[in-house]
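Pull up the model and let's walk through it together. We'll go piece by piece, pausing wherever a number helps explain what you see.

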Amino acid sequence: MSRLKQITEAVRDAGSLGVADLATLTGASEMTIRRDLEVLASQGVLERYRGGARSLLLRGEEPPFALRSDENMDAKRRIAQAVVALIADGESVVLDSGTTCLEVARLLHDRRVTVMPLSLHAVNALASSSTVTLLVPGGRPRPGELALTGPLTLASLQALRFDTAVIGCCGLSAEHGLTAFDLEDASVKRTALTSARRVIAAVDASKLTRTALAHVAPASALHAVVTDADGDDGLTAAGVTVVTA
């Protein structure tokens, strides 16, 4: 676990913590902790006060994109490679927001496919491609995440039919299905699912068995789950193909 993530989770769980406490927890110097707190404050994760910081995140809220972007990168790249191997040239793909799906976008850059990304990060990753037919939906980008949400995004999805939807998630379990922290993001994911013939979920091991606030779809709505975790018997029982990257 990165030190920034460790600090974020500790402060969120406690509500607020002092610099000395965080230095003891992480093994870093107090000067290093102060610099880390400034970084996290600039990302809107916490609020500084003299001698410590208080969390600005709710317990059920997802950490910001910038904090997640460097986490589990080896696993996310393996997952992305396995997802892209399932996509044939000529397919039309709706690509969800999130850090793992951004890795999928980067690997699709030189493929002959049609892609509608649901985040500006992925749009930027594909914008220079000479082989991808890039479709850019309307919508309002969420700060930091740059995921597109709102009625314009939903209308863009409802107007099209894709071969494959590649969906990220905040949580996935056989019991509770696919879940997301943000209600608007959940609505976009749900609409993306219904616009595609095939649904592939790209899920790193930390998301399996986790349940977030907003229900998106039951596990049975997924055709395949690509993950770095061992096979999930519950997902397999729900008729989902589990691919281990």
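Let's begin with a cysteine: Cys169 is buried, because its relative accessible area of 6% falls under the 20% cut-off. Keep in mind that you're looking at a predicted model. Next in line is Cys170, which counts as buried too, at 3% relative accessibility. What keeps Cys169 from bonding to the closest cysteine sulfur? The sulfur of Cys169 is 6.8 Å from that closest cysteine sulfur, in Cys170, and that is too far for a bond. A disulfide would need the two sulfur atoms within 2.5 Å. Look from the other end and the closest cysteine sulfur to Cys170 is that of Cys169, again at 6.8 Å and too far. The structure as a whole holds zero disulfides.

Now move along the chain to a hairpin. Strand E10 (residues 171–173) and strand E11 (residues 177–180) pair in the antiparallel sense, with three bridges between them. Three residues separate E10 and E11 in this hairpin. If you want a spot to zoom in on, find Leu172, which stands opposite Leu178 in E11. E11 has another antiparallel partner: three bridges join E11 to E13. There, Ala180 has Ala214 in E13 as its bridge partner.

While you're in this area, have a look at Thr211. You'll find Thr211 in the loop between strand E12 (196–203) and strand E13 (214–217). Is Thr211 buried, exposed or partly exposed? Its relative accessibility is 41%, so Thr211 counts as partly exposed, given that the partly exposed range lies between 20% and 50%. Thr211 and His176 are 35 residues apart along the chain, yet their C-alpha atoms are separated by 6.8 Å. Setting aside neighbours within four places in sequence, Thr211 is in contact with Ser173, His176 and Thr179.

Time to step back to the sheets. One open sheet has seven strands in the order E6-E5-E4-E9-E12-E14-E15, and the pairing is parallel. Its edge strands are strand E6 (133–134) and strand E15 (241–244), each of which pairs on one side only. Within this sheet, strand E4 (residues 92–95) and strand E9 (residues 162–167) run parallel and are joined by three bridges. To see one pairing up close, pick Val94: its bridge partner in E9 is Ala165.

So what about the nonpolar residues? The largest nonpolar core has 33 residues, and those that touch the most other members are Leu157, Leu172, Leu193, Leu222 and Val225. You've already met Leu172 in the hairpin, opposite Leu178. Two or more residues of this core come from each of helix H8 (151–158), E9, E11, helix H9 (183–194), E12 and E13. Take Leu157 as a guide: beyond its neighbours within four places in sequence, Leu157 is in contact with Val94, Met116, Leu118, Phe162, Val188, Thr191, Ala192 and Ser195. Apart from this core lies another, of 24 residues, including Ile87, Ala125, Ala224 and Val226.

Finally, swing over to the other sheet. Here three strands form an open sheet in the order E1-E3-E2, with antiparallel pairing. The edges are strand E1 (16–18) and strand E2 (46–49), each pairing on one side only. From one strand to the next, the twist averages 20°. Four bridges link E2 with strand E3 (residues 52–55) in the antiparallel sense, and Arg48 stands opposite Ala53 in E3. Helix H1 (residues 3–14) packs on this sheet, touching E1 and E3, and its direction makes about 120° with that of E1. Helix H3 (residues 30–42) packs on the sheet as well, touching E2 and E3, with its direction at about 135° to that of E2.

One more helix rounds out this part. In helix H2 (residues 19–26), Val19, Leu22 and Ala23 are buried. They cover an arc of only 105° around the axis, so they sit on the same side of H2. Which elements cover these buried residues? Among those covering the buried residues of H2 are H1, E1, H3 and E3. Just after H2 comes Gly27, which takes a positive phi of about 80°.

Methods. Residues are numbered from 1 along each chain as its sequence is written. This is a predicted model: local features need pLDDT of at least 70, side-chain atom pairs count only at pLDDT 80 or more; totals for chains, interfaces and linings use all residues. Side-chain values use heavy atoms; hydrogens and water are left out. Two strands pair if DSSP finds at least two bridges between them. Axes are lines fitted to C-alpha atoms, for helices over the stretch in contact, and angles run from 0 to 180 degrees between N-to-C directions. Contact means heavy atoms within 4.5 Å. Buried means under 20% relative accessible area, exposed over 50%, partly exposed in between (1.4 Å probe, protein chains only). The arc is that of the directions from the helix axis to the C-beta atoms. A nonpolar core is a set of buried Ala, Val, Leu, Ile, Met, Phe, Trp, Tyr and Cys residues joined through side-chain atoms within 4.5 Å.
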